[in-house]
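Welcome! Let's work through a few short exercises together, with a worked solution after each one.

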Amino acid sequence: MLSVSRTTTDLPPDLAAYNKQIRATARSYGLDFYDVIFEMLDYDQINAIASYGGFPVRYPHWRWGMEYERMSKQHNYGLGRIYEMVINNDPCYAYLQRSNAVTDQKLVMAHVYAHCDFFKNNLWFSKTDRKMMDGMANHATRVRKHMERFGVEKVERMLDMCLSVEHLIDPHSMFLKRSAPAEELDHEPVLEDQLTRFQSKGYMDRFINPRKLMEEERTRLRKEADKKRRIIPVHPTRDVLQFMLEHAPLEGWQQDILSIVRDEAYYFAPQGMTKVMNEGWATFWHSMIMTRHYLDASEVIDYADHHSGTVHMPPGNFNPYKIGVEMFRDIEDRWNKGRFGKEYDELDAIGGKDRFDANLNQGRAKIFEVRRIYNDVNFIEEFLTDELIDRLKLYQYRRDPQTGELRIVSRDYRRIRETLLYQLTNMGKPFIYVVDGNYRNAGELYLAHRHNGLDMEIKWGVETLKNLQRLWGRPVHLQARIDDDLMLFSFDGKQSQQQKIHDDMPKPAHQI
């Protein structure tokens with residue numbers, strides 16, 4: 001079992017001094033962050049913590065060991081190394097690799113403070129657990145207790161099933177005000193409207209509408225409403241894990257495992273939703289702080305080498321650091337010069353837009369506003385301009401089968417943006433909804449894929465379906481559009497099958 005020894009090490013005097021100065025400089029630019037605790041680790045320790053997702057303590061599972069082996073090989077073969085790692089927490093924790101040069105340590109510190117500013121102030125992180133360092137340790141303790149009681153293999157199999165479906169959540173649900181649970185709702189007004197009641201004068205009502213008969217009908221309607229509420233989601237729901245927690249026949253310890261996986265999935269979700277912005281913001285500020293304040297002449301070449309490696313983006317590739325930092329720089333420049341809005345868009349003279357400069361000087365305020373309220377999808381949708389696509393050469397490429405060279409196959413700005421948005425929407429995962437919890441009135445689970453422009457990988461979809469069936473305990477179905485056909489994939493615990501959906505098949509409770 002992978003073990004991480006976590007000891008807080010005071011920074012060496014020179015790094016402690018730089019840390020104090022860089023922190024003050026970051027605040028002078030308007031960055032606002034929780035306290036940051038830096039820890040010095042050697043490469044083996046930092047790989048171990050990175051394999052745990054940045055946390056020194058996680059529940060035991062083989063996936064951490066696999067990730068550790070991958071990172072160790074990557075480091076040993078010179079295929080990559082970890083320069084910075086920072087945890088969204090209060091206080092924030094960041095790790096410095098002891099073997100890095102002082103130039104790298106200063107760059108990482110500046111980068112980390114910008115990340116911490118983003119964690120604290122971006123809307124999509126506002127609902128995350130700011131004490132997740134303790135939360136992860138608590139999760140580890142709970143899982144270990146379950147292993148001691150029910151056996152390592154049994155609990156690990158449950159973890160395998162839950163982790164295979166951890167992406168079936170609804171990141172936007174954190175911002176929705178939920179109504180009271182169904183069982184807590186008062187249904188009496190609805191029941192009274194549904195009662196079969198004959199008109200009568202007040203003094204005759206007890207004879208025309210006998211109290212006993214009314215109460216019997218009330219009881220029947222209440223039972224029907226309760227039954228419907230228990231077996232069918234009121235509306236299609238994307239939070240499949242929450243639905244499983246509420247309705248799957250799980251034992252107490254199994255529910256606890258699933259709730260742990262769900263809680264951690266929601267904690268990490270904003271990081272997947274803001275990867276371009278978060279890394280772009282941190283790169284923007286480490287570049288600003290280093291080049292203006294903390295770069296000695298003797299360090300310029302090393303800094304340039306490492307910074308250029310960070311933002312390097314070959315044709316056809318997608319580097320969130322590069323795209324993010326260039327977009328923030330472009331926004332700042334455009335809002336400084338007033339290159340936005342109706343007046344600018346209507347300029348049609350040759351070179352008019354290139355010469356336009358209204359001297360608004362609103363760029364810095366604008367990028368802080370963007371940092372506060374956007375995620376990657378609306379960030380790219382609104383601020384990835386045609387001019388920026390040209391400058392970054394974000395065209396669509398295909399490799400020539402005869403020469404092996406990359407060829408541009410599309411310069412269509414709309415198509416390029418749409419392709420990026422498809423890849424980023426829902427963190428690149430398919431939209432899966434629970435649409436019926438009692439399909440065919442047999443307790444079967446019916447899920448539906450909402451097609452958003454990208455096809456679902458059927459191979460992975462079927463494997464996910466199998467694990468959902470093991471959690472649900474009854475047959476599970478998945479509706480998905482493949483090419484032009486609406487298909488139904490099913491798994492009953494023994495065999496899987498697929499068939500084209502036709503009009504004679506039973507319909508689920510909801511359609512999407």
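The exercises below look at strand pairing and at backbone angles in this predicted model.

**Exercise 1.** Find the strands that pair with E7, and say in which sense each one runs.

*Solution.* Start with E7 itself, which spans residues 444-450. Next, look at strand E6 (residues 431-439): E6 and E7 are antiparallel and share six bridges. Here tyrosine 433 sits opposite alanine 448 of E7. Then turn to strand E8 (residues 476-482), which runs parallel to E7 and is joined to E7 by four bridges. On this side, alanine 448 has glutamine 479 as its bridge partner.

**Exercise 2.** Is E7 mostly covered or mostly open?

*Solution.* Count residue by residue: six of the seven in E7 are buried, so the strand is mostly covered, where buried means under 20% relative accessible area.

**Exercise 3.** Describe the link between E6 and E7.

*Solution.* The two strands form a hairpin, with four residues between them. In that turn, arginine 440 has a positive phi of about 60°.

**Exercise 4.** Decide whether lysine 393 and methionine 427 are exposed or partly exposed.

*Solution.* First locate lysine 393, in the loop between helix H19 (386-392) and strand E4 (396-399). Its phi is positive, about 55°. With 52% relative accessibility, lysine 393 is exposed, because the cut-off is over 50%. Now take methionine 427, in the loop between helix H20 (413-424) and E6. Its phi is also positive, near 60°. At 29% relative accessible area, methionine 427 is partly exposed.

Key. Residues numbered from 1 in each chain as written. Predicted model: local features only at pLDDT ≥ 70, side-chain atom pairs only at ≥ 80, totals over all residues. Heavy atoms only, no water. Buried < 20%, exposed > 50% of the residue type's maximum accessible area, 1.4 Å probe, protein only. Pairing = 2+ DSSP bridges.
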